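User: Please go through the classifications applied to this model and justify each one. I would like every label set against the value behind it.

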Amino acid sequence: MAPPLLLLLLASGAAACPLPCVCQNLSESLSTLCAHRGLLFVPPNVDRRTVELRLADNFIQALGPPDFRNMTGLVDLTLSRNAITRIGARAFGDLESLRSLHLDGNRLVELGSGSLRGPVNLQHLILSGNQLGRISPGAFDDFLDSLEDLDLSYNNLRQVPWAGIGAMPALHTLNLDHNLIDALPPGAFAQLSQLSRLDLTSNRLATLAPDPLFSRGRDAEASPAPLVLSFSGNPLHCNCELLWLRRLARPDDLETCASPPGLAGRYFWAVPEGEFSCEPPLIARHTQRLWVLEGQRATLRCRALGDPAPTMHWVGPDDRLVGNSSRARAFPNGTLEIGVTGSGDAGGYTCIATNPAGEATARVELRVLALPHGGNGSAEGGRPGPSDIAASARTAAEGEGTLESEPAVQVTEVTATSGLVSWGPGRPADPVWMFQIQYNSSEDETLIYRIVPASSHHFLLKHLVPGADYDLCLLALSPAAGPSDLTATRLLGCAHFSTLPAAPLCHALQAHVLGGTLTVAVGGVLVAALLVFTVALLVRGRGAGNGRLPLKLSHVQSQTNGGPSPTPKAHPPRSPPPRPQRSCSLDLGDAGGCYGYARRLGGAWARRSHSVHGGLLGAGCRGVGGSTEQLEESVV
């Protein structure tokens with residue numbers, strides 16, 4: 001009986017080591033080493049008594065509650081450099097003895113409130129080298145009192161759970177370097193009395209709010225826990241807001257200023273304290289007066305300059321600070337927007353710009369023009385708001401009103417950006433004080449008002465949106481019957497129309513460009529042809545004037561008076577008589593220094609003489625008319 005019982009006890013007390021892992025049983029602690037084993041998931045047959053479990057450098061992608069179930073004695077868990085993208089809720093729920101958790105070098109994007117539930121005694125949490133962009137505010141709640149080392153470096157964090165971090169009294173090291181943090185809340189580290197190292201290197205911090213933590217010196221006698229602070233690699237804006245930090249002597253830090261331009265690139269601790277200055281606010285522009293109809297939206301604008309950027313506030317006519325509500329909204333850039341104005345909103349508003357260097361104010365006057373309302377169609381109290389008018393207009397547009405069959409309001413001559421509104425005179429028994437046009441488009445639900453005199457029955461709408469659908473209603477405002485009566489408002493009719501789409505300007509521009517190009521090309525060809533023709537004429541005229549040969553006549557005889565023709569005698573060749581010298585003004589072709597019209601005329605006469613005399617000589621040689629004619633050359 002003894003041997004089988006011993007085997008059973010051994011089998012129940014020890015589990016087999018996972019096949020790809022190495023198990024080491026040192027004294028009373030069991031270490032399971034599964035690093036670099038190509039694992040795709042946590043081995044399910046890991047001994048539940050394991051104290052140290054190393055699963056680094058594998059390909060594990062997700063963690064869930066079954067992976068570490070009943071491993072209450074696990075103290076050190078290493079999951080570094082895997083491909084973990086998701087941690088299920090309470091995946092570490094049974095690890096009540098866990099002291100160290102390494103999750104660095106994974107692909108975590110988010111940590112939910114239940115991702116790290118369970119390890120209530122955790123002291124070291126390493127989450128560096130992930131892709132964390134968000135950490136739930138309650139992600140660290142289970143180990144706030146025990147955590148000593150928190151590493152969130154090399155992530156994509158813009159915000160961290162400051163409230164949770166500030167409630168870790170045992171925290172010694174906090175690494176937040178190489179993230180996207182651009183602001184630190186005031187007093188975020190005030191309760192971290194044991195913090196000895198804070199790394200804020202390479203973030204986007206332009207300024208640091210004063211905190212008692214930073215006043216700790218490096219001298220151990222000055223503080224029981226001297227702080228090692230690193231914030232280099234941030235775009236520090238060296239103005240008066242950082243003067244408190246400049247006054248802390250830290251000679252071995254290498255921080256530099258990024259702005260203002262006069263201090264950019266200078267060593268932070270070498271800049272004199274007097275150069276850490278600020279500029280008081282200056283209101284550059286603001287709305288001075290604004291008149292709106294009752295029920296319209298009012299937008300008050302105020303822009304201020306300063307260093308640092310001023311904080312903008314608005315004070316209403318009742319001397320109270322205007323905050324965000326269902327009716328009004330104040331934007332950080334200094335714009336105050338009142339959605340639906342009433343008579344109580346009228347008055348003077350004050351824009352206040354403040355920064356550490358001072359403040360500046362500007363006054364804006366808002367006037368609300370009361371709409372004339374009547375008793376018909378009014379809400380409780382006899383004063384309908386613009387929502388009542390819009391509702392009745394929409395009802396009438398859908399055919400639920402009591403309008404006549406023929407439309408009382410028409411929109412014609414609609415283009416892409418305009419339309420002509422026309423309406424009839426209405427019932428003559430009802431006097432009209434003025435007309436009011438209300439319309440909005442499918443592109444913008446904002447209701448637009450237009451006031452038209454009672455004598456007009458046409459109104460041209462301009463600046464419309466091309467290709468949009470519009471709903472339009474016309475109201476007639478009648479004067480009050482008595483001093484205490486309200487003005488009556490009567491709906492005349494509604495219309496629906498659509499603007500034309502925007503004209504394709506590109507085609508017209510293309511045709512215009514092509515037409516202009518063609519015109520320039522044709523003109524260029526014509527000019528070139530004209531130039532070539534002119535040059536050819538000039539060259540031909542010069543050649544005719546300079547290369548003219550002397551005329552040689554043969555068989556020239558004198559004319560007789562009817563007697564017999566004497567036998568022609570041969571004459572020795574004579575050289576042509578010298579040409580008389582002529583002045584330049586009467587020159588007919590001599591190339592001796594006269595040009596222009598005279599040369600061209602001489603060339604023309606030379607060609608004519610050659611052609612005429614050549615014809616006569618040819619005729620004489622052939623014996624035209626059956627007899628030999630005696631010709632004599634005539635000199636012109």
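**Labels and the values behind them**

User: Why is Asp57 called partly exposed?

Analyst: The relative accessible area of Asp57 is 23%. A residue is buried under 20% and exposed over 50%, so the value of 23% places Asp57 in between, as partly exposed. The model is a predicted one.

User: What is notable about the phi of Asp57, and where does Asp57 lie?

Analyst: Phi of Asp57 is positive, about 60°, although Asp57 is not a glycine. Most residues other than glycine have a negative phi. Asp57 belongs to the loop between strand 3 and strand 4 (62-63).

User: What makes Ser202 partly exposed, and what is the sign of its phi?

Analyst: Ser202 has a relative accessible area of 26%, and the partly exposed class lies between the limits of 20% and 50%; Ser202 therefore counts as partly exposed. Its phi is positive, near 55°, in a residue other than glycine. Ser202 is placed in the loop between strand 13 and strand 14 (228-230).

User: How do you know that Cys34 is buried, and which residues are in contact with Cys34?

Analyst: Cys34 has 0% relative accessibility; buried means under 20%, so Cys34 meets the criterion. Contact requires heavy atoms within 4.5 Å. Leaving aside neighbours within four places in sequence, Cys34 has contacts with Cys21, Leu39, Arg54, Leu55, Ala56 and Asn58. The C-alpha atoms of Cys34 and Leu55 are 5.0 Å apart, with the two positions 21 residues apart in sequence numbering. Cys34 itself is in the loop between strand 2 (29-33) and strand 3 (52-54).

User: Why is the pair of Trp162 and Phe189 called edge-to-face?

Analyst: The structure holds 10 aromatic pairs. In one of them, the rings of Trp162 and Phe189 are 5.8 Å apart, centre to centre, with 85° between their planes. Centres must lie within 6.5 Å, and planes over 60 degrees apart count as edge-to-face, so both conditions hold for this pair. The pair links distant parts of the chain, 27 residues apart: Trp162 is in helix 2 (residues 162-165), and Phe189 is in the loop between strand 12 (173-175) and strand 13 (197-199). Trp162 is buried because its relative accessible area is 11%, under the 20% limit. Phe189 is buried too, at 2%.

User: What makes the pair of Tyr470 and Phe497 stacked?

Analyst: The planes of Tyr470 and Phe497 are 10° apart, and the centres are 5.3 Å apart. Planes under 30 degrees apart count as stacked if the centres lie within 6.5 Å, so the label follows from these two values. Tyr470 in strand 31 (residues 469-478) and Phe497 in strand 32 (residues 488-498) are 27 residues apart. Both Tyr470 and Phe497 are buried.

User: How do you know that the charged end of Arg367 sits over the ring of Trp291?

Analyst: The charged end of Arg367 is 4.4 Å from the centre of the Trp291 ring. The distance limit is 6 Å, and the charge must also be within 35 degrees of the ring normal. The distance satisfies the limit, and the contact is assigned as a charge over a ring.

User: What makes strand 24 and strand 25 a pair, and which strands are the edges of their sheet?

Analyst: Nine bridges join strand 24 (residues 347-355) to strand 25 (residues 358-369). At least two bridges are needed, so the two strands pair. They run antiparallel, and Ala353 stands opposite Ala360 in strand 25. The open sheet has four strands in the order 18-25-24-21, with mixed pairing. Strand 18 (289-293) and strand 21 (311-315) are its edge strands, each pairing on one side only.

User: How do you know that strand 19 and strand 23 pair?

Analyst: Three bridges connect strand 19 with strand 23 (residues 336-338) in the antiparallel sense. The requirement is at least two, so the strands count as paired. Thr299 has Glu337 in strand 23 as its bridge partner. The open sheet has the order 19-23-22.

User: What makes the peptide bond from Ser259 to Pro260 cis?

Analyst: Its omega is near 0°. Another cis peptide bond runs from Asp307 to Pro308, also with omega near 0°. Most peptide bonds are trans.

Notes
Residues numbered from 1 in each chain as written. Predicted model: local features only at pLDDT ≥ 70, side-chain atom pairs only at ≥ 80, totals over all residues. Heavy atoms only, no water. Phe/Tyr/Trp six-rings, centres within 6.5 Å; stacked < 30°, edge-to-face > 60°. Buried < 20%, exposed > 50% of the residue type's maximum accessible area, 1.4 Å probe, protein only.
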